[in-house]
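Biologist: Before we look at particular residues, I would like to learn how to read the arrangement of chains, domains and local backbone features in a model of this kind. Could you take me through them one at a time?

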2 protein chains.
Amino acid sequence: MSVVEQETAAGQFPALKPPTRYLFGPGPTMVHSRVYDALSKPIVGHLDAYFIQVMGDVQQLLRTAYGTDDGATLVISGTGSAGMEAAVANFLEPGWKFVVFANGYFSDRLTEMARRQGADVVRFEKGWGEVYSDDEAREFIRREKPKVAGFVHAETSTGALQSGKAICAAAHEAGALVIGDCVTSLGGLPVKFDETGIDVAYSCTQKGLSCPPGLSPMALSKRAMDALKARTTPVRSWYLDLKLIHDYSTVSHRYHHTAPISMFYALREALLVVNDEGIENRWERHRRCHRQFVKGIEAMGLSMHVPEANRIPTLNTVRVPNGIDEAKVRKLLLDGPGIEIAGGFGPLAGKVFRIGVMGPLATDDNVQFFLKEFGKALKAAGYSN
Amino acid sequence: MSVVEQETAAGQFPALKPPTRYLFGPGPTMVHSRVYDALSKPIVGHLDAYFIQVMGDVQQLLRTAYGTDDGATLVISGTGSAGMEAAVANFLEPGWKFVVFANGYFSDRLTEMARRQGADVVRFEKGWGEVYSDDEAREFIRREKPKVAGFVHAETSTGALQSGKAICAAAHEAGALVIGDCVTSLGGLPVKFDETGIDVAYSCTQKGLSCPPGLSPMALSKRAMDALKARTTPVRSWYLDLKLIHDYSTVSHRYHHTAPISMFYALREALLVVNDEGIENRWERHRRCHRQFVKGIEAMGLSMHVPEANRIPTLNTVRVPNGIDEAKVRKLLLDGPGIEIAGGFGPLAGKVFRIGVMGPLATDDNVQFFLKEFGKALKAAGYSN
C-alpha cells in the first residue's frame, strides 16, 4: 500500500516513517548519525552568543574544506541554488558582460539567473560531458574581456570536472572576477579555492559534506570582498545581500534574518566529521572508491560517459547500454534494495545513469554492494554482457 | 569559561552542547520533542515519492493553519524573510505602485525589498505600536489606487495586531492585490486567510508553529495565482520564482531545487502537533496565557505598550520602567535561569521588552515561572513597585 493510500484509508496523516534508502544519486547523499544527533539538539536564539560561536566555527571549518586562508567564508540560509543566486545577484549588475562556460545544466541555470539580473551573458558552448582546455579558456576570456566569468567546477548533470586555474588566471589578467560553482565538489574532492584563484564559490550541504540539504556555504576572495564593498547600486535581493549577511554572521552580529539554527548545528557537525577524517584522507577515500567503481562498471561491459582525465570522482555518469530502459533499471533498484540513483536529463536524458559514491557510502563494501545490485537490476531489465 | 575560551584552550572544536534556554523571545520559540524526532529521521531524495507526499501533507495541513479552502499553499526553502522577498519579487514589477502600512520594523523591511525590486512605494506612516482603523485604511487605498498593498498582520517589533479585512476589501475594490505578513501570527492566532481576503501571505516556522527556523510557508489566493500566471516579465529571482516552485511542489514535481528534506519532516510534524491540539484550541490556549501574562505584568506595576484591543496574544511588548536598564534585565534572565527575551529596537530601543508566550511555553505553569523570574530580575536591576 503506497503512502498516499495509507493516508486516504486512515483519513488522517500517518506517522513519519521514511523508507530506507541507499542514496547513490548525485545528492542528497547519506548522512552520518553524528549529524542527525546534532540536528535534534535543542535550539537557542539566532542572536545567542552560543549560536554566534556555532556560526564562527562553521566559517572556520569551511576554510579548510574550501582551501582558503585569505578568503571570507559564510553561509546562505537557502540551498545550493540560493548560493548561486547570491553569487549572481551580488557580483553582476545590469548590462555587465558575464561569460559562462556552458557545458551542462548548471551553467544553463547560471545563465538564466544572470539574464534575470539584467547581465549581458556570452556563452562558450560545449557538449554535455566535455570540458575546456587551458588554451580555449584563456582565448575566450581574452577575446570577450568580461567583467565576470562563471564556470561549474563539478558539473552534476554530466559528471565532468572543469579545472579552474587557467580560467581564473585569464580572468584576473582581464580584471574580471570568477564565480565557481562548487556544489558537487566541496568536501568530496579538492576545490583549493586560493590556489585555483576562484573569487566567489558556492556549494551545498548535501553532497560532499554529507549533511541534509538546506544551506549554501560560500567562500569569497579578498578581491570579491573589495568588489562587494565598492558596489554602489543596491543588490536586488535583500535576502541574499552578502554585505548584510557578512555583517550579521561575521562583523557586528546584528540581526539580518533568523538563521536556520538546527541546520547550522548539522553543518557544524558534518564539517567536524570531515575534519576528524582529514580533508585529504577524505579526497583519497573518494578517489579510491571511484577507481574501484569504474573497474566494476567496465568489468560489466559498461562504459563511462566522460573520458578518464575529466571525471568527477564522486559522481559517475555511466552510459545506458543500447536497448535498455534506464527508468526501469532505476525503478528496480528503488523498489528492490531501496537504492536511489538518477537518470540523465536534457541532451543526456535516457543516455546515462548518474551514480554518486560519496560520503558514508564511499567505502569498499558499499561499492561492491552497489555493483552487485546494479548488475542484477540491469539483467532484470534485459541487459546481458 | 565561555564557549570561545573552551575552544581556544583545547585548540579544537568542543562537542555541540547548546545551553538550556527558555525561549520567551519573539522567536525562535521552544520546539516539541516530536519535531526534534522528525528532524533526525533518515532523509530520502528530494524527488522520492515519499518526499513528494511529505510536501503534499504539509500543503494540506497549512490550509487548516492559514484558514484557506480556495488558496494554494507552498513552502519557500528559506526563512520568513525569504517568504517576504518571494511575495515582493513575484507580485511587484518595476514602476508599480505599492502602498505599505508602515507602523514597524517589518513594514520597513517590506519597503526596502520593494524599492530594490523597483516598485514605487507609498507609505502610510504611523507610530510603532499603533494600528490603522478601517476608515483610515479604506481612505488611503481609495486615494492612492495602488496595484498592490502590503501590511503586517502581527508586527513583531511593536506587539501590535493589524486587522486585515478593511485593507483587503478596499484593495480588491481598487483592483489591487494584498500582501499580508503573517510571520508572527500563523499557528498562534487566527489568520483566516480566505475570510480576511489576503492574496499573498508568508510566514515562518519558528514562531506560532514551534518548529526550528528555516522554511517559509506561504498561501496564495486564486486571484494571486491568476496574477502569477498572467505575469509576462520574468521574476528577477529564479530561486524564489513562485511559478517554478509551485510546479515542483504541487504540479509536475519536476526538479527545481533540492528542498531541505529534514526541515520539511520537522514542519510536517509541527503541523501535526498543531492539528492534534486543534487550531482553535491552540488559539484559545494562547489567548488564555496572554490574559494571565498581562494580569501578572500589571500586578507588578508594569504596563503594556499596545492598547488592549490591538495586542498580539503571543508576543507582548512590556514598557521598561523608568530608570531601569533593559539590557541588564535581559542579561540577568539569560545568565540566571536561561530565559531569553528580546529588547526593542528602532524607536522602541530601550523602551520595551518583547516577550513571547507561544507554543510549548504557553501554559499556566510556564507563565507563572516566567513572571516570577522576570520579577526577580527586575528587582535585581533596581526596580521596586
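Modeller: This is a predicted model, and we can begin with how its chains are related. A turn of 180° with a shift of 0.0 Å along the axis lays chain B on chain A, with an RMSD of 0.0 Å. That is the relation of a two-fold axis. Gly78(B) is the residue of chain B that comes closest to this rotation axis, its C-alpha lying at 2.5 Å.

Biologist: How many residues of each chain take part in the contact, and which elements of chain B supply them?

Modeller: The contact joins 60 residues of chain B to 60 residues of chain A. On the side of chain B, the elements that give two or more residues are α1 (3-10), α2 (33-39), α3 (49-66), α4 (80-91), α5 (105-116) and α11 (261-277), and α11(B) gives the most, with seven residues. By class, that side of chain B divides into 30 nonpolar, 18 polar and twelve charged residues.

Biologist: Why can one say that the copies meet through the same surface?

Modeller: One compares the two lists of interface residues, and here 100% of the interface residues of chain B are also interface residues in chain A, so the copies meet through the same surface.

Biologist: Turning to a single chain, what does the domain assignment give for chain A?

Modeller: A domain need not be one continuous stretch of sequence, and in chain A the assignment gives domain 1 as 3-29 + 278-380 and domain 2 as 33-275. The centres of the two domains, taken over C-alpha atoms, are separated by 26 Å. Their contact takes 26 residues from domain 1 of chain A and 24 residues from domain 2 of chain A. On the side of domain 1, α12 (279-299) and β11 (315-319) of chain A each supply at least two residues, with α12(A) providing the largest share, four residues. That side of domain 1 is made up of 13 nonpolar, ten polar and three charged residues.

Biologist: How should I read the burial pattern of a helix, and which residues of α10 in chain A are buried?

Modeller: One lists the buried residues and then asks where they point around the axis. In α10 (residues 242-251) of chain A, the buried residues are Leu242(A), Ile245(A), His246(A), Tyr248(A) and Ser249(A). They cover an arc of only 165° around the axis, which puts them on the same side of α10(A). The elements of chain A against which these buried residues pack are α3 (49-66), β2 (72-76), α4 (80-91) and α9 (222-230).

Biologist: What should I look for in the backbone, and where is there a cis peptide bond?

Modeller: For the peptide bond one reads omega, and the bond from Gly27(A) to Pro28(A) is cis, with omega near 5°. Pro28(A) is placed in the loop between β1 (22-23) and α2 (33-39) of chain A. In chain B, a cis peptide bond joins Gly27(B) and Pro28(B), with omega about 5°.

Biologist: Which residues have a positive phi although they are not glycines, and are they buried or partly exposed?

Modeller: One of them is Ser210(A), whose phi is about 55° and which is found in the loop between β9 (200-202) and β10 (216-220) of chain A. Ser210(A) is buried, with 26 other C-beta atoms within 10 Å. Another is His253(B), with a phi of about 60°, in the loop between α10 (242-251) and α11 of chain B. His253(B) counts as partly exposed, with 16 C-beta neighbours inside 10 Å. In chain A, His253(A) follows α10(A) and has a positive phi near 60°.

Biologist: Finally, how many residues does the largest nonpolar core have, and what surrounds Ala201(B)?

Modeller: The largest nonpolar core has 255 residues, and those with the most contacts inside it include Ala201(A), Leu267(A), Ile167(B) and Ala201(B). Leaving aside neighbours within four places in sequence, Ala201(B) is in contact with Tyr66(B), Gly180(B), Cys182(B), Val191(B), Phe193(B), Met218(B) and Ala219(B). For another buried position, one can turn to Ala154(B), which lies in strand β6 (residues 154-155) of chain B and has 30 other C-beta atoms within 10 Å. Beyond its neighbours within four places in sequence, Ala154(B) has contacts that include Leu161(B), Thr184(B) and Ile312(B).

Notes. Residues are numbered from 1 along each chain as its sequence is written. Chains are lettered from A and ligands numbered from 1 in the order in which they are written. This is a predicted model: local features need pLDDT of at least 70, side-chain atom pairs count only at pLDDT 80 or more; totals for chains, interfaces and linings use all residues. Domain bounds come from an automatic or database domain assignment. Two residues are in contact if their C-beta atoms, placed from the backbone, lie within 7 Å. Ala, Val, Leu, Ile, Met, Phe, Trp, Tyr, Cys and Pro count as nonpolar, Asp, Glu, Lys and Arg as charged, and the others, Gly among them, as polar. A residue is buried if 20 or more other C-beta atoms lie within 10 Å of its own, exposed if 12 or fewer, and partly exposed in between; C-beta atoms are placed from the backbone. The arc is that of the directions from the helix axis to the C-beta atoms. Copies are superposed by least squares on the C-alpha atoms of residues with pLDDT of at least 70 in both. A nonpolar core is a set of buried Ala, Val, Leu, Ile, Met, Phe, Trp, Tyr and Cys residues joined through C-beta atoms within 7 Å.
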